[in-house]
Amino acid sequence: VRIGPISSVPAVTRPAALLLGAAPNPFNPRTTIAFEIPIRLNVTLRVFDLDGRLVRNLIERETRVSGRHEVVWNGRDDSGRQVASGTFFYRLEAGEFAVSKWMVLVK
């Protein structure tokens with residue numbers, strides 16, 4: 001059995017999106033959530049409470065070009081009501097990529 005040469009060239013992987021985080025965190029009254037995507041993708045960015053209930057759709061299946069993007073959340077739900085202080089999770093979905101992080105609203 002003959003085995004071919006071993007290549008030292010790394011395998012090419014599909015680049016992933018990057019959820020950079022919310023700043024400031026903790027925040028009051030608003031925070032900016034930043035993310036980067038390597039190619040043009042459909043993006044969804046949502047905020048959930050600790051029980052997993054949807055609080056706010058910040059981006060809903062919008063096509064975004066490659067690069068850095070920022071979205072401001074003002075601590076309000078989809079009905080425009082101010083949410084209570086607490087910990088929230090935000091979830092970025094971009095193509096096949098999905099990741100969640102947390103942030104804290106203090107009053």
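## A hairpin to start with

Strand β3, covering residues 41-49, lines up with strand β4, residues 54-64, in an antiparallel pairing that runs over 7 bridges. Keep in mind as you look around that this is a predicted model. To spot one rung of that pairing, find L41: its bridge partner in β4 is R64.

How many residues sit between β3 and β4 in their hairpin? There are 4, and in the turn you'll find G52, which has a positive phi of about 85°.

## The open sheet

Now for another group of strands. Here 3 strands make an open sheet, in the order β1-β2-β5, with antiparallel pairing. β1 (18-23) and β5 (67-73) are the edge strands, so to speak: each one pairs on one side only. Going from one strand to the next, the twist averages 20°.

Zoom in on β2, residues 31-37: its antiparallel pairing with β5 extends over 7 bridges. Across from A34 you'll see E70 in β5.

## Where the rings meet

Let's turn to the aromatic side chains. The model has 2 aromatic pairs. One of them is W73 with F88, an edge-to-face pair with 5.4 Å from centre to centre and 70° between the planes. W73 belongs to strand β5 and F88 to strand β6 (residues 86-94), so this pair ties together parts that are 15 residues apart in sequence.

Are these two rings' residues buried or exposed? W73 is buried, with a relative accessible area of 0%, and F88 counts as buried too, at 6% relative accessibility. Add F27 to W73 and F88, and you have one aromatic cluster.

How values were computed: Residues are numbered from 1 along each chain as its sequence is written. This is a predicted model: local features need pLDDT of at least 70, side-chain atom pairs count only at pLDDT 80 or more; totals for chains, interfaces and linings use all residues. Side-chain values use heavy atoms; hydrogens and water are left out. Two strands pair if DSSP finds at least two bridges between them. Helices (H or I, at least four residues) and strands (E, at least two) are DSSP runs, numbered from the N terminus. Axes are lines fitted to C-alpha atoms, for helices over the stretch in contact, and angles run from 0 to 180 degrees between N-to-C directions. Rings of Phe, Tyr and Trp (its six-membered ring) pair if their centres lie within 6.5 Å; planes under 30 degrees apart count as stacked, over 60 as edge-to-face and the rest as tilted. Buried means under 20% relative accessible area, exposed over 50%, partly exposed in between (1.4 Å probe, protein chains only).
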